[in-house]
Structure formats: C-alpha cells, structure tokens
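Visitor: Could you take me in for a close look at a single part of this protein, the cysteine link, and then show me the chain around it?

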Amino acid sequence: MKQLVGFVAALLFATAIDGARAQTITLRYGQIPSTIKTVSSLQFSIAQRKGFFAREGIHLDMQPIEGGAANMVVALNKGAVDITRTATPYLIQDVLKGSDNVAILGETATPIYSLIVKPEIKHFADLKGKTVGLSLAVDTISISTRKLMVMNGIREGDFKGKELVGTPARADCLRKGECDAVPLGQPEDFVLMKQGYQRLGVSTDAMSNFQFVVSAVRRAWGEKNKDALVRYVRALASSYRYLRDPAYRDEIVRTVVDTTGSSEEIARQTLSLYFEPDRGVVPRHGEIDVKGFAEVIRVMAEAGELKPPLPPVERFIDLQYLKAAGLQ
C-alpha cells in the first residue's frame, strides 16, 4: 500500500512538473548581430532544432542589438531584453558603474581567434608599420591579440590600430585592403585562409584560459523569474552536451553549414579545432569558469582597464540558476 501511495505521489509530482513546463514562457534574448551566423551561436540553433527550449517550455525571442558589443548591457539595463549575450569585460565595466547585471551561464569559455594577415605578410616582424584591425580596447579579443603580438616582438607603437567590432567587420577590412591583419573567429578565419590569407598565430597562445562570453540578466529580475531562468539553463545545457557528443558530429557539421554558410570542409576543420583535442572553447553544460572569469579581471588590470583593488569574481556572477539545474 505504501509503495502504491509513493508511486502515485511521484506520478502526481511528475505531472505537476510537466504541467508547469507546458506553460510556455517567452524570454527576450539580446543577440550580437555579428555573431548570429557564427559558430559561437551554434548552441541556440541546436536548442531550437532539437526542441530543447520547447521541452522546457521556453520560447526564446532572439533580438539583435545594433551598435556594437557594449550596447548589449545597455539594452539589458533599459529592460529592452530579459537576457543578453555579452563579453565579460563589458559586464565587468557595467557592474562597476553601478548596474545590478550579473552572469548566470557561460556561453563561450576560451575562444580561439586567429590573427589573419595579408598573403604577403609571412612573419610577425612584417606587421611593423602596418594597420591591425582590433575590437575595442577593453575587449579580450584586443587584449589577447596585443599580448600575442608582444610575445612575438611587436609592441604598441610598432603598428597602427583600428577599432572594428565584430569578426565580419574585421574580415571586411582585411578583404578591402584597409587592414593588414585582423583577429577572426570561426568559420571566417578558415574561409580567408582558403582564399590565400595567412594565419600568424592564435589567441590561445597568449591567453589559454578565460571566460569570454556569458548570458547575463538583471539580478533583481532574475530573482523574480528564477523558474524561467532554470529552464533556460537546462535547455542550453542539453544543447552543449549534444554539441560535444562525437556521435552527433555529422549532424553538427550540417548545422554549422546551414547556420554559417561555410563549406562542410570548413565546418569539420572548425569542430576539429575545438575538440581534437578539447581546447575548452565550448562549455560542457553552460558552467561558468570562475578561475577563467578571474583571469579576465587580471588581464583587464594588466592592460590598464581596471585599477586596484581588483573586485572579486563573485560580484559579477550568480551561480544559483546553474546549481538549481544541477549543473555547477
């Protein structure tokens, strides 16, 4: 009898959970336009295609935010979106200015940016006097590229910098001949290499472990919408696990081709770069790398973007949603 009562209770509980998930919640997600067709947004394409958001009762309303990466946290502050993608330096700066924004999930851990140069440039020394297209000074793309060049004998003043936000803008600058070198993500770096441009090095040679991109929310809003955020976290966790599973590699390749417009060859090269061996680009299930986040704070200070005393990582992250989903 007790077993029957227990079974019925468990069944009722499961039914209640299913009923709760059946109530679809719309979340407005701020997306960086330049990343929509890149591999860095692949987890969202997978979550939509495989029904991971639908299973959790989430309708994700993707809203492109124009005007550069720094505008993502601005849109969040204004309440224009509920969740936003942002690079950690912009979140750090925003919080230090007084916002209550906070990271709840890790999207891209340690990215790989290739320093792609004109065909005639063969060595780092050839960059002297040339124009290098970088992102904003605070961005870890710029910081890691500068560190990479310093490692190879090219210091500030040896080259002319040009601020260009987004891989597409930097790739366009290189193609037009207005830039001699630019850091590019995937698949654009492989596309240009196939067209004859050269790769001098990669960002991970200079910075091998940091937390690059996160999902962020307003802390007060998150407290009022915890259930919705836990569902969001669970859906993306499923997507990351699917993305990392070698058994689905062929399907992921097709998704990369469909999403980015690149060839199957370049899609396979990109995934091989990430996973053979695993270079820590893609999180296992959306976890936030606390040590990697601390590294961002450290290199921002090293670059003069932060002044001591340096703030603790805990000021910028809230792990309760990952923990509630059993993921951190």
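**Charges, chain and a cysteine link**

Guide: Happy to, and let's begin with the charges of this predicted model. The protein chain carries 42 positive and 37 negative charges, and the mean positions of the two sets are 2 Å apart.

Now to the link itself. The structure holds 1 disulfide, and its partners are Cys-173 and Cys-179. A disulfide is a covalent bond between the sulfur atoms of two cysteines. Here those sulfur atoms sit 2.0 Å apart, which is within the 2.5 Å cut-off for calling such a pair a disulfide. Looking along the bond, you will find 80 degrees about S-S, and the link of Cys-173 and Cys-179 is right-handed. Are these two cysteines buried or exposed? Both Cys-173 and Cys-179 are buried, a label given to residues under 20% relative accessible area.

Stepping back, 52% of the 328 residues in the protein chain count as buried. The surface that the chain does expose comes to about 14300 Å², with carbon and sulfur atoms supplying 53% of it.

As for the fold around the link, the protein chain is built with 14 helices and 10 strands. Its radius of gyration is 21 Å, close to the 20 Å that the globule rule gives for 328 residues, so the chain is as compact as a globular protein of that length. Along the principal axes, its C-alpha atoms fill a box of roughly 80 × 45 × 30 Å. Finally, among contacts between residues at least 6 apart in sequence, 80% join residues at least 24 apart.

Notes: Residues numbered from 1 in each chain as written. Predicted model: local features only at pLDDT ≥ 70, side-chain atom pairs only at ≥ 80, totals over all residues. Heavy atoms only, no water. Helix = DSSP H or I, 4+ residues; strand = E, 2+ residues; numbered from the N terminus. Rg over C-alpha atoms; globule rule 2.2 N^0.38 Å. Buried < 20%, exposed > 50% of the residue type's maximum accessible area, 1.4 Å probe, protein only. Contact = heavy atoms within 4.5 Å. Areas by Shrake-Rupley, 256 points an atom, 1.4 Å probe, with all protein chains shown as cover. Lys, Arg positive; Asp, Glu negative; His and termini not counted. Charge placed at Lys NZ, Arg CZ, Asp CG, Glu CD.
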